[in-house]
Amino acid sequence: MPHELDLILTLTGGLTAALALGFITQRMRLSPIVGYLLAGILVGPFTPGFVADKPLADQLAEIGVILLMFGVGLQFHVRELLAVRKVAVPGALIQIAVATALGVVVGRVAGWSWAASVVFGIAISVASTVVLTRVLSDSHVLHTPAGHLAVGWLVLEDVFTVLVLVLLPGLVGGGDGGATGIALSVGLALLKLAGLVAFTFIVGQRVIPTLLGYVAKTGSRELFTLTVLVVALGVAVGSAKLFGSSMALGAFLGGLVVGQSDFSSRAASEALPMRDAFAVLFFVSVGMLLDPSQLAASWPAAAATLAVVLIGKPLAALVVVLLLRRPMQTAFAVALSLAQIGEFSFILATLGRQLGVMPDEATQVLVLASIVSITLNPLLFSARGRFARWTSALFLRRRPAAGADGAEGAEGEAAPADDLAHRTVVVGYGPVGRTLTRLLRENGIEPTVVELNLDTVKELQGQGIRAIYGDATQREILERAGVGAADSLLFTSAGAPGNGVIEQAKGVNPKLFVLARAFYLREVPVLQKAGADVVVTGEAEVAFSMTERLLVRLGATAEQVERERERVRSELFRLPA
């Protein structure tokens with residue numbers, strides 16, 4: 001291809017192949033990641049037809065890794081990890097140790113070096129965040145105790161992977177100096193890590209949120225998006241240039257800083273529009289590594305690796321969860337959700353190849369195992385109930401349901417109390433939303449408010465009202481607000497397109513009861529088509545009508561409803577227009 005068109009052709013060819021095969025795999029009810037990896041094989045150097053520029057694809061994939069790690073940092077919440085720590089911490093550590101040991105055995109039998117075998121073992125011990133959350137969400141398990149435990153487990157795997165990314169160059173690079181050289185290299189790596197963490201949190205926590213705040217006040221979505229992309233890429237590149245760290249680690253730390261600010265939800269939903277595209281290119285670049293002609297020679301190692309991923313890892317997780325006295329259904333849900341490998345496995349393998357540790361055969365095996373495990377994972381997860389019943393019937397005496405539930409609740413694995421209380425989401429906090437929120441609280445319903453005005457969000461949080469800053473048309477914002485576990489959504493906003501909000505909310509939770517506000521009659525059919533169960537019109541009566549329908553639905557008496565009617569009317573007419 002002409003040199004001046006390499007970038008354009010690589011982007012076009014790679015994304016087109018990923019779109020086509022991702023769509024096909026999605027229609028087959030498989031993860032689109034399978035399609036992206038297959039697209040990489042299709043445009044790779046080992047298959048006929050169009051061949052993408054591999055060096056360019058690798059650079060684009062590096063951007064994908066940076067944005068993926070930044071997203072992991074954004075979504076890292078210590079509270080969620082602490083809620084499941086008594087199971088997730090020992091479980092993740094034991095499962096990683098078992099899977100790594102089995103991977104080392106596979107590597108040594110295949111004739112790889114000890115270093116290659118260890119890196120390979122660690123790579124197959126960690127599961128894919130993208131695949132796990134998708135499987136849990138599609139199966140409506142994400143917001144259950146089992147889903148919380150699986151996510152917390154995976155967060156620990158991610159943290160472990162970050163530590164490996166930091167220490168691996170020192171461990172490999174210091175090998176020539178013996179134990180002393182390794183110790184010095186690791187010590188230097190830890191010292192640099194400490195400096196990077198200190199600099200990021202001391203300086204970054206002062207500079208980054210302030211910068212985002214100034215930009216957010218401009219009201220420009222494009223500038224906000226650009227700012228967060230600059231933060232993600234800038235911190236990543238700065239970490240590599242100033243501290244000699246990996247760009248992935250710098251991006252993770254940058255995400256942590258933004259994730260602890262008031263901008264975490266908006267950054268996750270709005271400011272990374274290119275994250276998914278570059279993540280797709282990352283998987284495409286990995287698929288380009290697979291040489292189908294080598295499969296005949298590497299199939300024994302690939303079969304053994306699949307056995308570790310599909311049997312060894314889940315079995316280790318299952319045993320740990322059961323030994324910690326969790327229900328059989330929870331144990332199988334967690335174990336089977338981890339029976340796959342994905343992006344972090346490839347990030348580790350890529351680093352291993354850059355350090356000259358991972359042989360080509362190991363990479364081939366890893367890509368093949370990823371494709372097969374991601375393909376089979378949804379099917380295995382859907383059969384978790386049957387596996388649990390068979391195991392209970394064959395080996396275990398059923399425990400009393402109350403005891404099992406009580407044990408799980410006592411350990412804090414159930415959804416946090418505030419998550420259970422926030423069963424209603426209110427979109428918009430104008431005059432109507434303000435009155436509506438107050439009435440809901442007075443009637444024992446604690447709402448979660450979604451609002452795009454940062455000052456209003458801070459004011460609400462200061463009053464003890466749960467509020468999320470961000471655009472409600474973005475799926476991530478609605479998920480952060482708890483729409484997936486909510487009973488109802490009340491749309492009162494005058495600024496956001498109601499049909500877009502409702503369609504996104506119904507996509508997250510099809511059973512959601514939606515009450516929507518409309519200014520004009522012509523808006524009613526649009527909102528109803530989007531999925532609104534009830535559309536209320538009329539400025540003066542809108543807040544009360546929504547509250548009345550919700551109170552009646554919850555069993556309020558006629559006297560209570562009439563009393564609230566008079567209060568709402570007097571209150572609404574006192575509010576400024």
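## Close-up views of a predicted model

**View 1. Arg-325 sits in the loop between helix H15 (295-323) and helix H16 (328-337).** Welcome to a predicted model, in which local features need pLDDT of at least 70. For a backbone check, start with Arg-325: its phi is near 60 degrees, a positive value in a residue other than glycine. Is Arg-325 buried or exposed? Arg-325 is exposed, since its relative accessible area is 56%.

**View 2. The whole protein gives the setting for the close-ups that follow.** The protein has 28 helices and six strands. Of its 577 residues, 53% are buried. Its accessible surface comes to about 25500 Å², and carbon and sulfur atoms hold 63% of that area. Among contacts in the protein with a separation of 6 or more, 73% join residues 24 or more positions apart.

**View 3. Phe-282 belongs to the largest nonpolar core, a set of 140 residues.** Which residues have the most contacts inside this core? They are Met-69, Phe-120 and Phe-282. Setting aside residues up to four places away in sequence, Phe-282 touches Ala-61, Val-65, Leu-68, Glu-343, Phe-346 and Ile-347. A second, separate core has 25 residues, including Val-450, Ala-472, Ala-481 and Phe-491. As background, nonpolar side chains tend to be buried together in soluble globular proteins.

**View 4. Helix H6 (residues 114-125) is largely enclosed by the rest of the structure, because nine of its 12 residues are buried.** The buried residues of H6 are Ala-116, Ser-117, Val-119, Phe-120, Gly-121, Ile-122, Ala-123, Ile-124 and Ser-125. One of them, Phe-120, is also among the residues with the most contacts inside the largest nonpolar core. The length of H6 is easy to check: at 1.5 Å a residue, its 12 residues should span 16 Å, and the end C-alpha atoms are 16 Å apart, which agrees.

**View 5. Helix H9 (residues 178-202) holds Ile-202, and Thr-200 has its place in H9 too.** Compare their accessibility: Thr-200 is buried, with a relative accessible area of 5%, whereas Ile-202 counts as exposed at 54%. What does Thr-200 contact beyond its neighbours within four places in sequence? Its partners are Gln-205, Leu-253, Gly-254 and Val-257. Ile-202, for its part, joins Phe-199, Val-203 and Val-207 in a nonpolar surface patch of about 350 Å².

**View 6. Asp-58 and Lys-54 form a salt bridge inside helix H3 (residues 54-74).** The closest N and O atoms of this pair are 2.5 Å apart. Asp-58 and Lys-54 are four residues apart, about one turn of the helix. An α-helix has 3.6 residues a turn, so residues three or four places apart point the same way. Asp-58 counts as partly exposed, at 34% relative accessibility. The count of salt bridges comes to six, and the next two views show others.

**View 7. Asp-471 and Arg-221 meet through their side chains in a salt bridge, at 2.3 Å from N to O.** Why does this pair tie together parts that are 250 residues apart in sequence? Asp-471 lies in the loop between strand S3 (466-469) and helix H24 (475-481), while Arg-221 lies in helix H11 (residues 221-243). Asp-471 counts as buried, at 8% relative accessibility, and Arg-221 counts as partly exposed, at 37%.

**View 8. Helix H24 carries a salt bridge between Glu-479 and Arg-475.** Their closest N and O atoms are 3.2 Å apart. Both residues lie in H24, four residues apart, about one turn of the helix. Glu-479 is partly exposed, with a relative accessible area of 30%. Arg-475 is partly exposed as well, with a relative accessible area of 31%.

**View 9. Helix H25 (residues 498-508) has buried residues that include Gly-498, Gly-500 and Val-501.** Also buried in H25 are Ile-502, Ala-505, Lys-506 and Val-508. What covers the buried residues of H25? The cover includes strand S1 (424-427), strand S4 (488-491) and strand S5 (513-518), along with H24 and helix H26 (524-530).

Definitions and conventions
Residues numbered from 1 in each chain as written. Predicted model: local features only at pLDDT ≥ 70, side-chain atom pairs only at ≥ 80, totals over all residues. Heavy atoms only, no water. Patch = residues over 30% accessible without salt bridge, like charges linked within 9 Å, V, L, I, M, F, W, Y side chains within 5 Å. Areas by Shrake-Rupley, 256 points an atom, 1.4 Å probe, with all protein chains shown as cover. Salt bridge = Lys/Arg side-chain N within 4 Å of Asp/Glu carboxyl O. Helix = DSSP H or I, 4+ residues; strand = E, 2+ residues; numbered from the N terminus. Buried < 20%, exposed > 50% of the residue type's maximum accessible area, 1.4 Å probe, protein only. Core = buried A, V, L, I, M, F, W, Y, C linked by side-chain atoms within 4.5 Å. Contact = heavy atoms within 4.5 Å. Expected span 1.5 Å × (residues − 1).
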